[in-house]
Amino acid sequence: MTAGTTLPPATTAEHELAALQREHARPLFALLLRLCDGDRQRAEDLLQETLVRAWQHPEALRADAFDSVRPWLLTVARRLAIDARRARQARPPEVGDAVLENARVCADHAERSTAALDVRRAVKTLTPHHREVLVLVYFQGASVAEAADILGIPPGTVKSRAYYALRALRRVLPGYAADLR
C-alpha cells in the first residue's frame, strides 16, 4: 500500500470474525496444541484453518439452536487435527538434518565399478597359488577346509597363502588398505 491509499471499511463479516477470534482463539489453540503433541506451528495452522471454516460457514455461527459457537468450533478444530494426523501417518516420515548427518554414505555405481576394476588388476598381479586361494576363500565364500579339499593342500597352507595374498594386495592397493584389514 502507498501512503495516500486508505483501507476499505471493514465489513460486518470481518468484524464478526475478529470478535470470534478474540473470544475463542485461546481455548481453540489450547485444544489444538494438545492434539498436535505440543507442535505450536501445526496448532497455529489448524487454528487458522478452523477460523477459515467459520468464515466459510457463517450460517453455523448464527444458528439459534445453541447459545455458543464454541462447541462447533472445537468440533471443527478436533476434526481438522485428526485429519492432519492421519495425513501425516499416510506419508513417509520426514527426515531431519540430524538423521541425514548420521546416515551411512554409500559409494555410487561409478566408484564401485572403479574399485572392482582396481581389485581385478591387483589380483592378476598375484602368484597363481595366492590367486586361487583368494578367489576361493574371499570371492566364492569357501571355508578354509573346503578350499583345502578343493586344492588338495593342508588348511594351514590355505591360511598362509590367504595371508600373503592379502599382504600383497595391500602393497598394490594402498588406497584400499583399510578395507583389506
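## Exercises on a helical chain

Setting aside residues up to four places away in sequence, Glu132 touches Leu151 and Arg161. The model in which these contacts occur is predicted. The exercises below begin with the whole chain and return to Glu132 at the end.

### Exercise 1: The chain as a whole

**Task.** State how many helices and strands the chain has, and what share of the chain its buried residues make up.

**Solution.**
1. The secondary structure amounts to nine helices and zero strands.
2. Read from the N terminus, the order of elements is accordingly written α-α-α-α-α-α-α-α-α.
3. The chain has 181 residues, and buried ones make up 24% of them.
4. Of the contacts with a separation of 6 or more, 53% are between residues 24 or more positions apart.

### Exercise 2: Confidence

**Task.** Determine which element has the lowest mean pLDDT and which has the highest.

**Solution.**
1. The average pLDDT of the chain is 82, and 79% of the residues score at least 70.
2. Among the elements, the lowest mean, 64, belongs to helix 5 (residues 97-102).
3. The highest mean, 92, belongs to helix 8 (residues 144-151).

### Exercise 3: The largest nonpolar core

**Task.** Identify the residues of the largest nonpolar core that touch the most other members, and the helices that each supply at least two of its residues.

**Solution.**
1. The core holds 19 residues, and those touching the most other members are Leu20, Leu32, Leu46, Leu47 and Leu73.
2. At least two residues of this core come from each of helix 1 (12-35), helix 2 (40-56) and helix 4 (70-90).
3. Consider Leu46: apart from neighbours within four places in sequence, Leu46 is in contact with Leu32, Cys36, Leu80, Ala81 and Ala84.

### Exercise 4: Helix 2 against helix 4

**Task.** Describe how helix 2 and helix 4 pack, and explain why helix 2 counts as oblique to helix 4.

**Solution.**
1. The two helices pack at an angle of about 130°, and their axes are 9 Å apart.
2. Helix 2 is therefore oblique to helix 4, because an angle of 65 to 115 degrees would count as roughly perpendicular and one over 145 as roughly antiparallel.
3. The crossing of helix 2 past helix 4 is right-handed.
4. On the side of helix 2, the contact is made by Arg42, Leu46, Glu49, Thr50, Arg53 and Ala54. On the side of helix 4, the participants include Trp72, Leu73, Val76 and Ala77.

### Exercise 5: Two buried residues

**Task.** Decide whether His24 and Thr50 are buried or exposed, and list their contacts beyond four places in sequence.

**Solution.**
1. His24 lies in helix 1. Its relative accessible area is 3%, so His24 is buried, the limit being under 20%.
2. Beyond its neighbours within four places in sequence, His24 is in contact with Ser68, Val69, Arg70 and Leu73.
3. Thr50 is found in helix 2. With a relative accessible area of 0%, Thr50 is buried.
4. With the neighbours within four places in sequence again left aside, Thr50 is in contact with Leu28, Leu32, Leu73, Val76, Ala77 and Leu80.

### Exercise 6: A loop residue with positive phi

**Task.** Locate Asp37, and give its phi and its relative accessible area.

**Solution.**
1. Asp37 is placed in the loop between helix 1 and helix 2.
2. The phi of Asp37 is near 55°, a positive value in a residue other than glycine.
3. Most residues other than glycine have a negative phi.
4. At a relative accessible area of 60%, Asp37 is exposed.

### Exercise 7: Helix 7 against helix 9

**Task.** Describe how helix 7 and helix 9 pack, and place Glu132 in this picture.

**Solution.**
1. Helix 7 (residues 128-139) and helix 9 (residues 155-172) pack at an angle of about 100°, with 8 Å between their axes.
2. Helix 7 is therefore roughly perpendicular to helix 9.
3. Residues of helix 7 in the contact include His129, Glu132 and Tyr138, and those of helix 9 include Val158, Arg161 and Leu169.
4. Glu132 lies in helix 7. Its relative accessibility of 33% makes Glu132 partly exposed.
5. Glu132 and Val158 are 26 residues apart along the chain, and their C-alpha atoms are separated by 9.7 Å.
6. As stated at the outset, Arg161 is one of the residues that Glu132 touches.

How values were computed. Residues numbered from 1 in each chain as written. Predicted model: local features only at pLDDT ≥ 70, side-chain atom pairs only at ≥ 80, totals over all residues. Heavy atoms only, no water. pLDDT = per-residue confidence, 0-100. Helix = DSSP H or I, 4+ residues; strand = E, 2+ residues; numbered from the N terminus. Core = buried A, V, L, I, M, F, W, Y, C linked by side-chain atoms within 4.5 Å. Buried < 20%, exposed > 50% of the residue type's maximum accessible area, 1.4 Å probe, protein only. Contact = heavy atoms within 4.5 Å. Axes fitted to C-alpha atoms, helices over the stretch in contact; angles between N-to-C directions. Parallel < 35°, antiparallel > 145°, perpendicular 65-115°, else oblique. Left-handed = near helix turned anticlockwise from the far one by under 90°.
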